[in-house]
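Please open the model in the viewer and keep the selection panel at hand. The tour below proceeds from one selection to the next.

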Amino acid sequence: MSTATIDQPAAPEAIESFTVTLIIRRFDPEVDDEPRWQDFDVEMFPTDRILDALHKIKWEQDGSLSFRRSCAHGVCGSDAMRINGRNRLACKTLIKDLDVTKPVYVEAIKGLPLEKDLIVDMEPFFESFKEVQPFLMASSKPADGKERIQTVAQRARFDDTTKCILCAACTSSCPVFWTDGQYFGPAAIVNAHRFIFDSRDENAAVRLDILNDKEGVWRCRTTFNCTEACPRGIQVTQAIAEVKQAIMRGKP
Amino acid sequence: MTTTIEAPRSPYSRAPRGRGVNWEKWGWIYMRVSGVVLIVLIFGHLFVNLMVGEGVSALNFGFVAGKLADPFWRVWDIVMLWLALIHGGNGMRTLVNDYATARLTRGILKLAILGAVVVLIVLGTLVVFTFDPCPAGAPTDLLPLFCQAS
């Protein structure tokens, strides 16, 4: 990492901006029967993000464009959307990483009920999340009434799945979830994995039993869409496979 | 700290699974195990039929009849038949579960798959165990040449 110093040249050469065409799938439930595609031209810098383009459209061209965003820095998980056919976070997708000679297609994530423009109803997604009981369950009193001690290796065992920000990019990229909303989906399994393999948790058996269901891990077809979609780089398919192994063993 | 915290807001809403056999789990394990065995069986089958000796030109009625006279190949074929058909049938079943949304369509399609698998397994098993290249009393002009030799 470089630290800014005072004696650096004040004005670097001007960065060139260019026009990017965004084709956005719009849907206003009060007016439209069907979603429709609408295109916008925006002036962007290569270092801008798709989220900046959406802001520019909303603030300067069409205030009715609706989308979710909160932190705008890839942590809150609000702005997962389908950009050029791939699920990504709008706030982590740079213009320079896309082919801007062609229009950029932006639409809501699939498999969840569309509410307006880029906003979907996340309730079914969180419903599955709740069902895997994603919280620490421990009946024992920690030693000295302090914290529960864990070795570095025990912590590393589930480190990957602690990174989940619940943006739904994985679950809404899963072809099984598209056709069967009853499937728990990758995100719920990832969050179950986070507690199943936590040495401090005592209820792994309950979660394994919940996921050992007709709509549980056995519906996974190992297509790796979820791993590819995850903006946090979680090895989602591997986590699901580890849960499958744990169910077959009967313990984590 | 001594009690288990209840699930937030909503109780566990999915119908609890019965205590019986977990077919989805065993189905998944079956697919993995039979898949590995089938790789050996099918490629062995193809290799012996198409590449060993004279190769594909040796394939004819007599070749198949000769193979089915050997207990080793009978066991090989019967195992391959059962594993492959159930493997394929189960795969089709998961596809139907994934893509057929209406209960009735799903039922009809799964019954059709089950019917096809059962018919093919029964027919195949019957052939492997009762195959006789030279049935007694059949008109000689319909029999292969090697039947007259014996």
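**Starting at Ile83**

Select Ile83 of chain A, which stands opposite Val106(A) in E5(A). The model is a predicted one. Ile83(A) also stands opposite a residue of E4(A), namely Arg86(A). Next, select Arg82(A), whose bridge partner in E5(A) is Glu107(A).

**The strands around E3**

Extend the selection to the whole of strand E3 of chain A, residues 80-83, and add E4(A). These two strands pair in the antiparallel sense over four bridges. Now centre the view on the hairpin that E3(A) and E4(A) form, with two residues between the strands. Which residue takes a positive phi in this hairpin? It is Asn84(A), with a phi near 50°.

Turn then to strand E5 of chain A, residues 104-107. Its pairing with E3(A) is likewise in the antiparallel sense, over two bridges.

**The complete sheet**

Display the five strands of chain A in the order E2-E1-E5-E3-E4. They form an open sheet, and its pairing is mixed. Look at the edges, where E2 (36-44) and E4 of chain A stand; each has a single partner strand, so one side of each is left without a neighbour in the sheet. Direction ignored, neighbouring strands of this sheet are turned by 35° against each other on average.

**The helix across the sheet**

Add helix H1 of chain A, residues 50-61. H1(A) lies across four strands of chain A: E1 (18-26), E2, E3 and E5. Relative to E2(A), the helix runs at about 100°.

**From the sheet to the domains**

Colour chain A by its domain assignment: domain 1 covers 18-120, and domain 2 consists of 123-138 + 150-249. The C-alpha centres of the two domains of chain A lie 28 Å apart. Where the domains meet, select the 14 residues of domain 1 of chain A that are in contact with 14 residues of domain 2 of chain A. Which element gives the largest share of the domain 1 side? Strand E4 of chain A, residues 86-89, does so, with four residues. For a final view, colour this side of domain 1 of chain A by residue class: six residues are nonpolar, four are polar and four are charged.

Terms used: Residues numbered from 1 in each chain as written. Chains lettered and ligands numbered in written order. Predicted model: local features only at pLDDT ≥ 70, side-chain atom pairs only at ≥ 80, totals over all residues. Domains from an automatic or database assignment. Contact = placed C-beta atoms within 7 Å. Nonpolar A, V, L, I, M, F, W, Y, C, P; charged D, E, K, R; others polar. Pairing = 2+ DSSP bridges. Axes fitted to C-alpha atoms, helices over the stretch in contact; angles between N-to-C directions.
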